[in-house]
Each structure stands twice: as C-alpha cells, then as structure tokens.
Amino acid sequence: MLHFTITEPYLWIPFDHTEPEVKLHFYVDGKKIQEIDMRLGGTSGDFYACMEVGGYLGRDLEIRADVSKELLDGIFCYAQKPQNVYPFRPKLHFSPQIGWHNDPNGLVYADGQYHLYYQWNPYGVEWGNMHWGHAVSRDLLYWEHEPMVMAPNEKGAVYSGCAWEDRENQTGHGEHALLFYYTAAGGRSEWSVEAGNPLFTQRLAVSTDAGKTLRDSDAFFMGHIMGENRDPKICYHESLGTYHMVLYLDGNTFAFFRSADLQNWEETQRLSMEGMWECPDLFELSVDGTDGEKKWVFWSADGYYVVGDFDGFQFTPQSEVLCAYGTKIPYAAQTYAGIKGRIVSIAWLRLQNTRGNYKGIMSLPAELSLVKQGQGYRIRLQPVRELTALRGFLGNLPVGQRQASIPLNGNPMEICLSWNPETDGQTKLTLGNTAILVDFAKAEICVHETGADAQPAGIPFVSAAPLTLRIVIDQEALEFYGNGGVLYGVAELEENALGKVFGMESGVDLQSAEWYVLGEQA
C-alpha cells in the first residue's frame with residue numbers, strides 16, 4: 001500500500017514490459033477513483049504512464065496493489081506530463097502520445113473541427129484499461145492531442161461508441177450539444193462487479209463545451225440485451241427524418257433501432273450475416289458514374305460489408321458479404337457524423353511495433369463511394385481530397401523506363417502508377433524490407449510486409465482493364481489504392497521508412513509513373 005497527499009496535477013506511474021501485470025486500486029479520501037491493470041516497473045522501466053489527478057489536489061491518495069513496496073514507491077506526483085519524444089512518428093497518420101490504442105470512436109465534425117476519439121490504454125502497450133482519448137483537426141490530416149475524456153468507472157470500461165451533434169436540442173442539453181453513445185463494459189473489472197454492474201450496457205455522455213469534456217447523462221440508457229452487446233453507431237435517414245442505431249449483439253447478429261428524438265429507441269430488426277461481427281456502421285453511398293443513384297451499406301469490423309436497401313425499419317441485403325480490405329491491418333473503421341456531401345471513414349491500423357512506446361495508428365481518412373461491377377456494387381476508398389492539396393510534384397518516369405529509385409528524404413510521399421490492360425509480366429515495388437509485387441499473369445497484387453511470418457494472399461484485380469495504383473507512404477505504414485480505391489491495402493513498414501528509398505523494377509512498360517512530396521515541404 002502507498003499513501004501520500006496529492007501535491008501536483010499528474011501522477012507518474014512507471015511501465016516495464018518485462019514485469020508481470022498487476023492490478024492497482026486508487027482511492028482518494030477512502031473513495032475509489034480508478035482501477036488499472038499494468039506492468040508496473042521501476043526507474044529503469046520503458047516509460048512513465050500518467051494519470052491526471054489535478055481535481056484532487058491537497059487530498060489523500062491511497063494505492064493498493066499486491067506488489068512490493070519498492071515498486072509502489074516508484075509512483076510520484078509531478079507538475080507536468082511525461083514527454084514521449086520519438087523521431088519516427090507518422091506525419092499524416094494519427095498516433096497516440098503513449099500507450100495502446102485501437103478503435104476510432106465518436107467521429108464527428110462540429111463547429112469547424114473534426115473530432116477523433118479513440119479506444120486508449122494510457123498505461124501500457126497492450127489492450128486493456130479502455131479509456132477514450134481525444135484529438136482534433138481542421139483538415140483530417142494534422143491532429144492536435146486533447147486531454148482524455150472518459151475513463152473506466154464503476155459502470156465498467158469505456159468501450160466503443162459514436163457521436164452526434166444535437167443541433168435542435170432534442171435531448172434538452174442545449175443546441176449543438178455533442179452526444180456520445182457508448183458501451184459501458186460491465187464485468188470487465190473488479191470495480192464494476194463489486195458495484196453491481198456485471199453486464200454490458202449502452203449509455204450516453206454529453207459535451208456542452210465543444211467536445212472537450214464529457215459527462216454521463218440519463219437521457220439515454222439501453223440495458224443488456226444479449227452477450228457482449230456493444231458498439232452503438234448512429235445515422236440519419238434524410239428522406240424520413242429519423243435516426244437509426246445499429247448495435248452488435250453476439251456471434252454474427254446485430255440489432256437495428258429507430259428514434260425520432262435521439263432518446264427513445266425502438267428495435268426494428270435483427271440481422272445475422274455470416275463472417276460479420278462487432279463495430280457495425282450503416283450509411284448511404286452514392287454510386288459513381290450514375291445519375292444520382294444511391295445504395296445503403298451495412299458495415300462491420302474487418303471491412304466486411306453488404307450493399308442493400310433500407311426503408312427506415314428493415315435493411316434488405318442485395319449482395320453477398322464483401323470485403324473492402326485486401327490486407328488484415330485495417331480494422332474497426334467508423335464513418336464521420338456531421339460532414340455534408342461525402343462519407344468519410346477512419347480505421348484503426350493494427351501495427352505490431354512498439355518502438356515509440358505506443359502501439360497502433362489510424363488510417364488516412366478515406367472518402368467512400370460505390371461503383372458498379374457486373375450486376376453488383378463495390379466500395380471504393382480514396383484518400384480524402386485534403387490530401388491532394390498537400391501535393392508537391394517531384395518527378396515522373398519517362399515512357400519506356402522500367403526502373404526507378406526515389407529517395408523520400410524524410411517526407412511523406414505519394415506515388416501514382418498505371419499499366420495498360422495488355423500487360424503481361426511483373427512490377428516489383430520496394431521500400432526497405434517491404435515489397436509489393438504486381439503480377440499481371442496472376443492478376444493479383446501481393447504485399448510482403450516487414451516482419452510477416454506467412455506468405456500473404458494475393459489481392460485480385462481485373463486483368464482485362466487498365467490498372468492504376470496510388471501509394472501513400474508515411475512513417476510506419478504504406479497505404480495503397482488500386483483502380484480508384486476498389487483495391488485497398490496497408491503494409492507495416494520498418495523504422496524510419498521516410499529515411500529510405502522507394503524502388504521500382506518492372507518487367508513491363510508502365511503507362512505513367514509520377515510522384516509527389518506531401519506536406520509542408522510541398
């Protein structure tokens with residue numbers, strides 16, 4: 001047990017990945033304020049995690065844990081947060097300041113700002129202790145970190161959810177209040193079990209200060225339905241003027257709800273789709289190249305989706321289960337609320353490295369649309385248009401040249417390639433230990449990622465049509481978009497990828513090859 005008076009606003013807690021995980025219980029004046037699982041270390045550990053305790057200045061803190069006094073004595077108060085300086089952070093992809101992060105949450109555009117909330121463990125580089133972190137941006141590409149907005153409490157860990165701007169004050173919290181529907185994961189902590197909250201429920205948090213602070217509200221509460229029901233996501237049906245929520249229930253089953261006021265919800269459908277689970281989303285997409293045609297899309301965690309119709313009560317699938325991702329790294333994508341005229345999605349990129357004392361980054365925001373293929377439809381993902389504004393032209397490849405070496409010089413880069421439909425051969429693209437093989441004989445793209453153990457499966461493309469490939473390179477990750485985004489994939493890169501050289505060796509002629517620097521250097 002450790003006992004002292006809180007004299008500074010930040011509690012520094014050392015993390016060491018070589019230590020076993022222990023449970024720490026925090027009490028202020030005898031009342032429990034937090035419970036975390038952590039690999040508690042000493043002064044020679046990996047980094048210091050930080051708990052904000054500024055609201056308890058001058059009060060007595062007690063920390064209980066089944067560890068040695070020596071380890072507990074390594075915890076102390078300080079006037080500032082720990083600084084986590086890592087020179088090879090992504091420049092255009094969001095990354096957490098420290099610790100593990102996963103699903104994007106509460107994506108909403110309001111008052112000129114894009115808000116990005118996310119599942120966050122500030123106490124280690126493994127999943128656990130789910131908080132909501134927060135960042136904001138004016139352009140979807142450069143992000144500013146904000147303070148943490150929700151932490152686990154007696155109701156449970158703070159799992160995934162969504163956001164909506166209540167512009168007409170339907171919930172009584174004021175015009176333009178931001179509403180955050182989320183899952184309280186009861187039963188995932190001793191605290192929640194002791195408090196009598198052993199099950200997953202859906203709750204509402206509200207912000208009346210532009211998303212900076214969130215407080216729980218009783219304006220909405222959905223009790224336990226089944227399993228680990230979780231991940232509420234809201235959309236609006238323009239023609240009907242009604243709100244709709246999709247919720248993961250259990251197995252491959254989801255529930256659909258309808259509301260006129262964002263508070264009272266009626267279940268209208270249960271839908272089971274083989275292979276689809278958790279992190280559902282529902283949105284309407286325009287069909288490219290048509291005269292105003294739109295279709296509804298039901299989406300889940302691995303990029304699996306179904307195209308169909310939605311009448312405000314029932315979603316009717318009109319396609320098989322499809323997948324928008326050609327590689328396994330992107331996951332748990334969510335679309336933004338509040339953006340007019342386009343659907344923008346961000347996914348969590350499940351990277352393996354922890355070199356910077358954090359793990360995982362977000363994908364580049366992508367604009368979604370549909371394109372007709374045969375008798376059906378496919379989703380297209382393309383980088384948000386804001387990325388094009390960052391371009392600075394660097395060079396191109398003369399017709400007939402089949403080799404190129406492009407130094408990145410520390411800058412994010414975009415490389416655009418195209419081949420004619422009669423091509424027969426291979427083009428190999430390399431960056432450090434990562435390779436992308438475009439094989440026209442097999443009509444597939446194969447990505448060999450840094451550190452990958454198994455031979456990856458190829459991503460098929462239509463060999464009878466021209467192939468275009470748009471590649472965006474940043475520290476830690478490479479994203480590529482083929483044929484306007486019908487083909488999409490991500491590769492993890494080795495450390496300091498932007499200090500390396502992008503190489504191309506082709507056994508066939510390209511129609512075009514050009515490259516751009518992205519960002520402030522453009």
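Is Ser300 buried or exposed? At 1% relative accessibility, Ser300 counts as buried; here buried means under 20% relative accessible area, exposed means over 50%, and partly exposed lies in between, with a 1.4 Å probe and protein chains only.

A word on the ground rules before going further. This is a predicted model, in which local features need pLDDT of at least 70 and side-chain atom pairs count only at pLDDT 80 or more, while totals for chains, interfaces and linings use all residues. Residues are numbered from 1 along each chain as its sequence is written, and side-chain values use heavy atoms, with hydrogens and water left out.

**Around Ser300**

Ser300 sits in the loop between strand E21 (294–299) and strand E22 (304–310). Strands (E, at least two residues) and helices (H or I, at least four) are DSSP runs, numbered from the N terminus. Leaving aside residues up to four places away in sequence, Ser300 touches Phe254, Met276, Trp277, Glu278, Cys279 and Pro280, where contact means heavy atoms within 4.5 Å.

**Nonpolar cores**

In soluble globular proteins, nonpolar side chains tend to be buried together. A nonpolar core is a set of buried Ala, Val, Leu, Ile, Met, Phe, Trp, Tyr and Cys residues joined through side-chain atoms within 4.5 Å. The largest one here has 88 residues, and Leu11, Ile13, Leu24, Phe26, Trp143, Tyr336 and Ile379 touch the most other members. Strand E26 (residues 343–349) supplies the largest share of this core, five residues. Apart from it lies another core, of 35 residues, with Ile406, Leu478, Ala497 and Leu510 among them.

Ile379 deserves a look of its own. Not counting residues up to four places away in sequence, Ile379 has contacts that include Leu285, Val297, Trp299, Tyr305 and Ala324. Also touched by Ile379 are Leu368, Ser369, Leu370, Gly485 and Val486.

**A four-stranded sheet**

Strands E16, E17, E18 and E19 form an open sheet in the order E16-E17-E18-E19, with antiparallel pairing; two strands pair if DSSP finds at least two bridges between them. At the edges are strand E16 (230–237) and strand E19 (266–272), each pairing on one side only. On average, neighbouring strands of this sheet are turned by 25 degrees against each other, direction ignored, using axes that are lines fitted to C-alpha atoms. Strand E17 (residues 242–250) pairs with strand E18 (residues 253–259) over seven bridges in the antiparallel sense. The bridge partner of Asp250 in E18 is Thr253.

**Salt bridges**

Counting a side-chain nitrogen of Lys or Arg within 4 Å of a carboxyl oxygen of Asp or Glu as a salt bridge, the total comes to 29. Three of them are listed here.

| Acid | Base | N to O distance |
|---|---|---|
| Glu35 | Lys23 | 3.6 Å |
| Asp37 | Lys23 | 2.8 Å |
| Glu52 | Lys81 | 3.4 Å |

Glu35 lies in strand E4 (residues 31–38) and Lys23 in strand E3 (residues 22–28), so this pair ties together parts that are 12 residues apart in sequence. Glu35 is buried at 7% relative accessible area, whereas Lys23 is partly exposed at 22%. Asp37 in strand E4 and Lys23 in strand E3 are 14 residues apart, and Asp37 is partly exposed, at 25%.

Glu52 belongs to strand E5 (residues 47–52), while Lys81 is in the loop between strand E7 (76–78) and strand E8 (99–110), so their bridge joins parts 29 residues apart in sequence. Glu52 is partly exposed at 40%, and Lys81 is partly exposed at 29%. Finally, salt bridges that share partners join Arg188, Glu228, Arg230, Asp231 and Glu278 into one network.

How values were computed
Axes are lines fitted to C-alpha atoms, for helices over the stretch in contact, and angles run from 0 to 180 degrees between N-to-C directions.
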